[in-house]
Amino acid sequence: MTTTAPIPNGLPMERDAGPFDPPREISRLREARPVSPMLFPDGHEGWLVTGYDALRQLMADTRFSSRQDIGVIHVPYEVPGMPALTEPSPQVPGLFISMDPPDHTRLRRKLTGAFTVKRMKQLEAHIADIVERQLDEMARLAPPVDLVKEFALPVPSLVICELLGVPYADREDFQVNSAKFLVRDQSLDEKMAAYNAMTTYLAELVTSKRDTPGEDLLSDLARDDDLSIAELIGMAFLLLFAGHETTANMLALGTFALLEHPEQLAELRADPELLPGAVEELMRYLSVVDILFRYATEDIELGGETIGRGSTVVVSQLAANHDPRRFDNPDTLDIHRDARGHLSLGHGVHQCLGQQLARVEMRAGFAGLLRRFPTLQLAIPAGEVRLRTDMTIYGVHELPVSWEESAS
């Protein structure tokens, strides 16, 4: 099939239908053609997958490679000052999220025992304690306060730093560079400067743990002679970065969404047993990690289309999670919905390794916040909340909230 370009100016990214809904153009494309040819701003012709069934099939098919060293990330939106990418990115040791089996399998297998459902259940009480301590700190402040700074970011950061053995005192520099790394409209040099700052820090950390291991996950990995220092750095980066950015944004954006749906918020407060299902629905509804890339290693049939070998394929988890063919009234937040099967945590071999940890953190975080602050409300109009439309992980930059001080 000749690939005419339904998206001549790149992929529309901003959630113009509201802070929680997919871009209207993405929804239109999904309804018209769930697997759509698209023209990237650099002139490359590739594909966009927005339909639930097609995206689930793609994620389960290892012929769609995650390796950036065999494909080129043709950026699906205009990035001022950033040239079109015409060379494959080199493979980064240890960064198994961008690897295929068997390399991906070898590295991920070394971590699966640390993130089992059983292990996470053992951590539940401790994570709940971390949440309570952070809520104590927040309650001492005079409202309004920024929920991102005082709660949503510290909770997962404390958890992942403790789990990995990263000194929490070092979090600020890492978080600053992590945020810089996620900025969408920046040059490649700027992005790499933030990445190099993080990996330079982590190189010193994993080297010290190989010399003097402690009782933490990075020390356990450092004891493994099968892993090189370069692989340890890549794995540490992935675990630390993913372990706080995604959950932090879910806690903040999820709170914003609940405050904008007061009747459902009241139901959650009245019946905490609804919380596990509500967390799944919030993950589906918000889809903070939206865009992923895959590369076809051969000609592949997908959604009635032929994806040619070597094609860059952009997938929208947000669009798939709002596909009415899979979820009734998908643009509506419904905490009673059975949202299992959503794709926010991926599918197939790359399904999120830390998904159980994220669930425990969100359940504990939302439960504690709703219980301790029953009068929580936005301190500014909803339309003034600064959305992370400029970042590759969605959320809010700040969420000013207030409460009746006697209620905390």
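This is a short talk on the fold, the backbone and the charged side chains of one chain.

Let me say at the outset that what we have here is a predicted model, and that I will go from the overall dimensions to the backbone and then to the charges.

The secondary structure of the chain comes to 14 helices and ten strands. Along the principal axes, the C-alpha atoms fill a box of roughly 65 × 55 × 40 Å. For 408 residues, a compact globule would be expected to have a radius of gyration near 22 Å, and the 21 Å of this chain agrees with that. As for burial, 53% of the 408 residues count as buried.

Turning to the backbone, I would keep in mind that most peptide bonds are trans, and that most residues other than glycine have a negative phi. Against that background, there is a cis peptide bond between Pro101 and Pro102, with omega at about 5°, and Pro102 sits in the loop between β3, residues 64-65, and α3, residues 103-109. Another cis peptide bond joins Pro143 and Pro144, where omega is again about 5°; here Pro144 belongs to the loop that runs between α4, residues 117-139, and β4, residues 145-146.

Two residues with positive phi also deserve a look. Ser287 has a phi of about 45° although it is not a glycine, and it is found in the loop between α12 and β5, the latter spanning 291-296. Asn329, likewise not a glycine, has a positive phi near 45°, and its place is in the loop between α13, residues 317-321, and α14, residues 355-372. Are these residues buried or exposed? Ser287 is buried, with a relative accessible area of 0%, whereas Asn329 is exposed, with a relative accessible area of 59%.

Now to the charges. Side chains of opposite charge can pair when their charged atoms come close, and in this model the count comes to 26 salt bridges. One of them is between Asp16 and Arg24, with the closest N and O atoms 3.8 Å apart, and Asp16 counts as partly exposed at 45% relative accessibility.

In another, the side chains of Asp224 and Lys110 meet at 2.8 Å, N to O. Because Asp224 lies in the loop between α9 (217-222) and α10 (229-259), and Lys110 in the loop between α3 and α4, this pair ties together parts that are 114 residues apart in sequence. Both partners are partly exposed, Asp224 at 22% relative accessibility and Lys110 at 27%.

What, then, does the salt bridge between Glu245 and Arg388 tie together? The closest N and O atoms of Glu245 and Arg388 are 3.7 Å apart, and since Glu245 lies in helix α10 and Arg388 in the loop between β9 (377-378) and β10 (400-402), the pair ties together parts that are 143 residues apart in sequence. Glu245 and Arg388 are both buried. Beyond single pairs, salt bridges that share partners join Arg106, Lys110, Asp224, Asp226 and Glu231 into one network.

Finally, there is a patch of negative charge on the surface, in which Glu263, Glu267, Asp271 and Glu273 gather. Asp271 is found in the loop between α11, residues 262-270, and α12, residues 275-286, and is partly exposed, with a relative accessible area of 32%.

How values were computed:
Residues numbered from 1 in each chain as written. Predicted model: local features only at pLDDT ≥ 70, side-chain atom pairs only at ≥ 80, totals over all residues. Heavy atoms only, no water. Patch = residues over 30% accessible without salt bridge, like charges linked within 9 Å, V, L, I, M, F, W, Y side chains within 5 Å. Areas by Shrake-Rupley, 256 points an atom, 1.4 Å probe, with all protein chains shown as cover. Salt bridge = Lys/Arg side-chain N within 4 Å of Asp/Glu carboxyl O. Lys, Arg positive; Asp, Glu negative; His and termini not counted. Charge placed at Lys NZ, Arg CZ, Asp CG, Glu CD. Helix = DSSP H or I, 4+ residues; strand = E, 2+ residues; numbered from the N terminus. Buried < 20%, exposed > 50% of the residue type's maximum accessible area, 1.4 Å probe, protein only. Rg over C-alpha atoms; globule rule 2.2 N^0.38 Å.
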